Amino acid sequence: MIVLGGVSVTYPGGQRALKPTDLRLETGRFTVLLGPSGAGKSTLLRTINGLVAATTGTVAVDGVGVIVGKLAWRAHRRHTAMIFQQHQLIGRQTVLRNVLTGRLGYQTTLRSLLPAPRADLELALHCLERVDLADRALDRVDRLSGGQQQRVGIARAIAQQPTILLADEPVASLDPVIATRVLELIYRICEEDGITALASLHQVDYGRRFADRIVGLSDGRIVFDGPPDALDDVSLERIYRAPPTPVAETADAVFGEPAVALA
């Protein structure tokens, strides 16, 4: 379970991306964040992982409690995987080596400089099998298509053996057919592994199809929270009725999109 208590985010310059927010995410459920650009979806996601520091409020998770200090954040991030829109892969490295970066949070700095342990190699190959890319393990990742690269990102995420998965617009750059396949893959893996998932999406149809629960954001506030079948025209109007204040929708608008954070 993830519990946000009064979490808000104000970026440098006074840009208020997220107003005080209370949110409880149940273990093992697939929750989708919907809202227009600038609504605060990515800020909310990244605050859960500490990639964006909350200005006020607390984040608490099972097994850690309220997350305070570097050691608590490190323990939380070790089991919290993230999938980005732009993949955040190392293009010159092989598919396998990219997936192995999902294991860095379990290693010391010195150990990470040595060849990967056999157990990690076997796990990484198994993760690639789950996304149907085992046959591309030794290919450079920049030779893959966009959909294949996103599947590498999914394999890297599950190589962390996470209990929480955060996906920030994971299909925004993909065509509808490939986007559907990628979301089906993410949903299936989360269901099989009992992973608590939170994904931000722009497409309402995808939210209705894949979500167990939908949270709608507008101008940094939660304005809808319920099952997909409760998302009616009135609710959509409340979410999308007016363009939000042009604040930073994502941390990368202020700081640049980060590489995968494992420590």
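1. Let's start with a pair of helices: α6 and α7 are roughly parallel to each other, because angles under 35 degrees count as roughly parallel and theirs is about 10°. Their axes run 10 Å apart. Keep in mind as you look that this is a predicted model.

2. Who does the touching here? On the α6 side, the contact uses Gly 147, Gln 150, Arg 151, Ile 154 and Ile 158. Helix α7 answers with Ile 178, Val 182, Leu 185, Ile 186 and Ile 189. Sorted by class, the residues of this contact come out as 7 nonpolar, 2 polar and 1 charged.

3. Now turn to the other helix that packs on α6. Helix α5 covers residues 118-130 and α6 covers residues 146-159, and the two pack at an angle of about 135° with their axes 9 Å apart. That makes α5 and α6 oblique to each other, because the angle falls outside the ranges for roughly parallel (under 35 degrees), roughly perpendicular (65 to 115) and roughly antiparallel (over 145). The crossing of α5 past α6 is right-handed.

4. Which residues make the contact between α5 and α6? From α5 they are Leu 123, Cys 127, Leu 128 and Arg 130, and from α6 they are Ala 155, Ile 158 and Ala 159. The class count for α5 with α6 is 6 nonpolar, no polar and 1 charged. If you compare the two lists, you'll spot Ile 158 in the contact with α5 and also in the contact with α7.

5. Next, the loop that joins those helices. Asp 132 sits between α5 and α6, and its phi is near 60°, a positive value in a residue that isn't glycine. Is Asp 132 buried or exposed? It counts as exposed, because its relative accessibility is 58% and the cut-off for exposed is over 50%.

6. There's another aspartate with a positive phi to look up: Asp 219, where phi is near 55°. Asp 219 belongs to the loop between β9 (213-218) and β10 (221-226). With 23% relative accessibility, Asp 219 counts as partly exposed.

7. Time for the inside of the protein. As a general rule, nonpolar side chains in soluble globular proteins tend to be buried together. Here the largest nonpolar core has 50 residues, and Leu 128 and Leu 165 have the most contacts inside it. Helix α7 (residues 176-193) gives the largest share of this core, 7 residues. A separate core of 27 residues lies apart from it, with Leu 4, Ile 164, Val 215 and Leu 217 among its members.

8. Click on Leu 165 and see what surrounds it. Leaving out residues up to four places away in sequence, Leu 165 touches Ala 81, Met 82, Ile 83, Ala 157, Ile 186, Cys 190, Ile 195, Thr 196, Ala 197 and Leu 198. Two names from earlier are worth recalling: Leu 128 is part of the α5 contact with α6, and Ile 186 is part of the α7 contact with α6.

9. Arg 46 may catch you out. This residue is in helix α1 (residues 41-48), and it counts as buried, with a relative accessibility of 0%. How far apart in space are the C-alpha atoms of Arg 46 and Met 82? They are separated by 9.1 Å, with their positions 36 residues apart along the chain.

10. Tyr 11 is another buried residue, at 3% relative accessible area. You'll find Tyr 11 in strand β1 (residues 2-11). Tyr 11 and Thr 55 are 44 residues apart in sequence, yet 8.5 Å apart from C-alpha to C-alpha.

11. For contrast, try Asp 22 in strand β2 (residues 15-25), which is exposed, with a relative accessible area of 60%. Asp 22 and Ile 222 are 200 residues apart along the chain, and their C-alpha atoms are separated by 8.8 Å. Setting aside residues up to four places away in sequence, Asp 22 touches Leu 4, Gly 5, Gly 6 and Ile 222.

12. Finally, zoom out. The protein chain has 9 helices and 10 strands, and 51% of its 263 residues are buried. Of the contacts between residues at least 6 apart in sequence, 74% join residues at least 24 apart. The contact of Asp 22 with Ile 222 is an example of a link between residues far along the chain, 200 residues apart.

Conventions
Residues are numbered from 1 along each chain as its sequence is written. This is a predicted model: local features need pLDDT of at least 70, side-chain atom pairs count only at pLDDT 80 or more; totals for chains, interfaces and linings use all residues. Side-chain values use heavy atoms; hydrogens and water are left out. Axes are lines fitted to C-alpha atoms, for helices over the stretch in contact, and angles run from 0 to 180 degrees between N-to-C directions. Helices (H or I, at least four residues) and strands (E, at least two) are DSSP runs, numbered from the N terminus. A crossing is left-handed if the near helix is turned anticlockwise from the far one by less than a right angle, and right-handed if clockwise. Contact means heavy atoms within 4.5 Å. Ala, Val, Leu, Ile, Met, Phe, Trp, Tyr, Cys and Pro count as nonpolar, Asp, Glu, Lys and Arg as charged, and the others, Gly among them, as polar. A nonpolar core is a set of buried Ala, Val, Leu, Ile, Met, Phe, Trp, Tyr and Cys residues joined through side-chain atoms within 4.5 Å. Buried means under 20% relative accessible area, exposed over 50%, partly exposed in between (1.4 Å probe, protein chains only).
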